[in-house]
Amino acid sequence: MVEMSYAKMRNNFEEKYFNEVVPALEVFEDERKNSFTLALLSAIPLILIGIVSSFFVYKYKNGLKLSITLIILGIGAYHVIKKNFENKLKEKVMPTICSCFENLIWTKIPPNSMDDGIYKRINLIPDYNTIESDDCFKGSYNDTGYSIEEFHAIRGYGKNRSIVFKGAVVTIKMHKSFSGRTVIASNSLFHHSPSKDLHHTELEDIEFEKRFDVYTDDDVEARYLITPSLMERLNNMKLAFNAETISVAFNNAKIYIALHTGKDLFSIGSLKKQVCDYEQFKTMFEEIYSIVRLIDYFKLDQKTGL
Amino acid sequence: MFILPIILIVVTFVILIWLYGIYVSVIQKRNKVQEAFSSIDVQLKKRYDLIPNILTIAQKFMDHERSLIEDVTKLRTQAVSLSNDISNIDKKMQLSSEIADKMKQLIVAVENYPQLKSDATMVTAMQTYNEVEEHIAAARRFYNSAANDLKNAVEIFPSSLVASMVGVKAVSFFEATESERKSVNASDYLK
């Protein structure tokens with residue numbers, strides 16, 4: 001049933017890609033070349049000036065800082081032009097690609113408008129001050145509502161900024177009802193709880209305990225949610241996008257799965273490749289599909305899921 | 001000259017603190033077992049409160065299952081009358097297993113009554129019952145985890161010394177009964 005569903009989505013995607021996406025994007029090919037040229041003309045001089053000047057200004061106070069700033073500006077200029085082009089393409093093609101999946105909608109969230117601190121409150125990801133969001137998807141699969149939000153979370157300001165999370169969070173509505181809070185985090189030596197309301201609890205699966213720590217405010221509910229079969233699935237799960245780590249939080253009738261990938265996801269519109277480069281779109285399709293499959297994998301569409 | 005007594009006092013103090021830490025740990029583990037046992041009781045109570053509703057609905061349709069319904073009612077009455085004391089855990093486990101076994105038979109027997117199977121109230125009651133059973137399983141896992149921690153503390157030196165001094169003993173695990181270990185043959189229940 002699942003494999004038929006995947007085959008159907010894949011066929012849909014290929015059909016729409018060749019019949020709708022390619023004709024819509026062909027007109028952007030010239031713009032891509034122009035954007036690439038502009039990006040190189042913006043970036044290379046700044047970077048070269050920065051490198052060359054560093055040999056002369058290093059003896060002056062703040063001299064090296066100026067050189068480094070020029071290099072960063074050059075890289076930043078390339079990135080901004082690339083991102084603008086990518087956004088333009090996504091506005092054009094994402095509705096078509098999303099129509100390959102059941103009830104999926106894509107939005108480009110403006111920076112900081114999505115964050116109400118939810119991921120901090122449920123201790124899904126480390127404490128942060130700001131969020132820079134990228135893509136957001138909302139859909140339903142087998143009558144199970146879900147959303148995917150790609151972002152990176154930053155702690156600190158100015159020189160003390162550090163990225164504490166880069167990846168995607170998948171939120172899925174659960175058919176199990178529960179009232180407490182439970183978090184599955186990566187294993188740590190001292191089991192330092194992410195919140196004073198949560199205490200560490202040890203479960204039976206040895207392999208699971210080697211990789212993860214569980215924190216909860218209700219030991220029985222934690223075991224109701226984290227069944228032996230869930231632990232086994234987490235142990236065996238081939239991490240979507242080769243995520244460095246995953247963390248899971250159960251809160252308010254939803255499961256939140258954070259995939260710490262350390263890289264940009266759902267990327268299309270590379271300035272270096274042809275605008276209709278199939279591999280980019282195929283990769284994005286596979287990324288979305290592997291996330292949607294988490295619902296099947298964890299049986300979240302069933303009342304006795306997990 | 002005064003150094004030796006001072007060192008002795010400090011060492012004694014450290015040892016006493018250490019022993020006190022072990023004592024606290026043993027008592028905490030015992031209390032956790034009590035807490036876990038109570039959590040099983042909470043879930044069992046939910047199950048026993050739900051059973052009469054299921055039986056009332058089932059009785060309207062299941063003419064041929066009267067003896068099964070009566071057995072469940074009898075067992076439930078016995079289970080509810082047991083006091084909430086950890087010394088009753090073996091009896092509680094046995095009754096719980098017998099009730100679960102009879103309810104499994106009843107659930108399978110529902111398949112023979114299409115009208116009952118599609119009854120909306122029965123469907124909701126069965127879903128709630130399944131959730132309660134999952135919670136019971138979770139509570140049992142929690143109890144076993146707490147019992148295991150206590151058993152380790154009681155059997156492993158040096159906490160075993162402290163445990164024997166204060167009279168803390170290990171408790172039995174919540175284990176599957178013989179009937180639960182047997183594989184279910186659906187044809188025994190389906191007509």
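**Exercise 1.** Find the bridge partner of A:T201 in β7(A), then place both strands in their sheet.

*Solution.* Step 1. In this predicted model, A:T201 has A:V214 in β7(A) as its bridge partner. Strands are DSSP runs of E, at least two residues, and helices are runs of H or I, at least four, numbered from the N terminus.
Step 2. β6(A) and β7 (residues 212-216) of chain A run antiparallel and are joined by three bridges; strands count as paired if DSSP finds at least two bridges between them.
Step 3. The open sheet has nine strands with antiparallel pairing, in the order β1-β2-β3-β4-β9-β8-β5-β7-β6 (chain A).
Step 4. β1 (105-108) and β6 (199-201) of chain A are the edges; each has a single partner strand, so one side of each lacks a neighbour in the sheet.

**Exercise 2.** Describe the aromatic pair of A:F178 and A:F250.

*Solution.* Step 1. The whole structure holds 18 aromatic pairs over all chains. Rings of Phe, Tyr and Trp (its six-membered ring) pair if their centres lie within 6.5 Å; planes under 30 degrees apart are stacked, over 60 edge-to-face, the rest tilted.
Step 2. A:F178 and A:F250 are edge-to-face, 6.2 Å centre to centre with 85° between the planes.
Step 3. A:F178 lies in the loop between β4 (162-173) and β5 (182-186) of chain A, and A:F250 in strand β8 (residues 245-251) of chain A, 72 residues apart.
Step 4. A:F178 is buried at 11% relative accessible area, and A:F250 is buried at 1%. Buried means under 20%, exposed over 50%, partly exposed in between (1.4 Å probe, protein chains only).

**Conventions.** Residues are numbered from 1 along each chain as its sequence is written, and chains are lettered from A and ligands numbered from 1 in the order written. Local features need pLDDT of at least 70, side-chain atom pairs count only at pLDDT 80 or more, totals for chains, interfaces and linings use all residues, and side-chain values use heavy atoms, leaving out hydrogens and water.
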